[in-house]
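Hi,

Here is the structure I said I would pass on. Have a look at it first, and my notes are underneath.

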Amino acid sequence: MTPSAKIKLGLDFDNTIVCYDATIAVLAEELFNLPPEVPRTKLGLRDFLRGTDREPEWTAFQGELYGPGMRHAQPFEGAIETMQQLAAAGHDLVIVSHRSRRPYAGEPHDLHAAARRWVAERLQIAGLFATANDSVNFLETRQEKVARIAELGCQAFLDDLPEVLGAPGFPASAAGILFDPSGTNFALEGQHHISAWTELSELMTALA
């Protein structure tokens, strides 16, 4: 690519654009009578429910988290501003994410509809993902997600899961970018790594 090239950048949704920390804390208080020593975090809640033989409640909780609980979810710090900067620079941004349409347990919320509402209320209102028909894609499986990344011709893709970036079928022509705000994952060979959205603009300049 030339220095002035514009890139088609694919973006994962859950835990990449959307941060669920506040949602988990709020829902944990709403739905469970937790001992004070249980951390109001995803791992804290999961480990407590599994450790008390309440695995079905943990499964149902995820349906609430990615369904109506999304009303509490916030974008990661700097995400909207960075996406606005990249779009203004001429880069083509698309969301490609996989989540089941219905929860595996609990109320049968439409999880794709919940995600699209969040996009409308948080991103489209900020001028993002508002025009192209293929700019927001929610698929049911990881395999479908990877296939759509290739189909859309993404030249770079940002995801919090290194296994997505290294999945069979992930296009070799796309630069994989691992989003790792907690510093707990490792980028695979050939993948790029950022810990905050504010690092993405500089990386995109380097990739172009």
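Below is what I found, starting with the sheet and then moving out to the helices. One thing to keep in mind as you read is that this is a predicted model.

**The sheet**

Six strands make up an open sheet, and their order is β5-β4-β1-β6-β7-β8, with parallel pairing. The edge places go to β5 and β8 (192-194), which have a single partner strand each, so one side of each has no neighbour in the sheet. From one strand to the next, the twist averages 20 degrees.

If you want a strand to start with, try β4 (residues 92-98). Five of its seven residues are buried, so β4 is largely enclosed by the rest of the structure. Four bridges link β4 to β1 (residues 8-11), and the two run parallel. To find that pairing on screen, look for K8, which sits opposite D92 of β4. There are also four bridges between β4 and β5 (residues 136-139), again a parallel pair. Here I95 has V136 of β5 as its bridge partner.

Over at β7 (residues 175-179), three bridges connect the strand to β8, and these two run parallel. L178 stands opposite H193 of β8.

β6 (residues 156-159) is where you will find D159. Is D159 buried or exposed? Its relative accessibility is 0%, so D159 counts as buried. Not counting neighbours within four places in sequence, D159 touches D12, T16, K145, V164, L165, I177, L178 and F179. Note that L178 turns up here as well as opposite H193.

**The helices**

α5 (residues 111-123) lies across β4 and β5, and runs at about 160 degrees to β5. One residue of α5 to click on is R122. With a relative accessibility of 25%, R122 counts as partly exposed, because the buried class is kept for values under 20%. Leaving out neighbours within four places in sequence, R122 is in contact with R71, A73, Q74 and I80. R122 and R50 are 72 residues apart in sequence, and their C-alpha atoms are 33 Å apart in space.

Next, α1 (residues 21-31) and α3 (residues 55-65). Their axes come within 11 Å and cross at roughly 125 degrees, and the two helices are therefore oblique to each other. The crossing of α1 past α3 is right-handed. On the α1 side the contact involves T23, I24, L27, A28 and L31, and on the α3 side F61, E64 and L65. Sorted by class, that contact has six nonpolar residues, one polar and one charged.

Which residues of α3 are buried? They are W58, F61, G63 and L65, and they pack against α1, α2 (42-51) and α5. So F61 and L65 are on both lists, as buried residues of α3 and as part of the contact with α1.

The other helix pair I looked at is α4 (residues 79-88) with α8 (residues 200-207). Their axes come within 10 Å and cross at roughly 30 degrees, so α4 and α8 are roughly parallel to each other, the cut-off for that being under 35 degrees. α4 brings T82, Q85 and L86 to the contact, and α8 brings L200, S201 and M204. By class, that gives three nonpolar residues, three polar and no charged ones.

Happy to talk it through whenever suits you.

Best wishes

Definitions and conventions
Residues are numbered from 1 along each chain as its sequence is written. This is a predicted model: local features need pLDDT of at least 70, side-chain atom pairs count only at pLDDT 80 or more; totals for chains, interfaces and linings use all residues. Side-chain values use heavy atoms; hydrogens and water are left out. Axes are lines fitted to C-alpha atoms, for helices over the stretch in contact, and angles run from 0 to 180 degrees between N-to-C directions. Angles under 35 degrees count as roughly parallel, over 145 as roughly antiparallel, 65 to 115 as roughly perpendicular and the rest as oblique. Contact means heavy atoms within 4.5 Å. Ala, Val, Leu, Ile, Met, Phe, Trp, Tyr, Cys and Pro count as nonpolar, Asp, Glu, Lys and Arg as charged, and the others, Gly among them, as polar. Buried means under 20% relative accessible area, exposed over 50%, partly exposed in between (1.4 Å probe, protein chains only). Two strands pair if DSSP finds at least two bridges between them. A crossing is left-handed if the near helix is turned anticlockwise from the far one by less than a right angle, and right-handed if clockwise.
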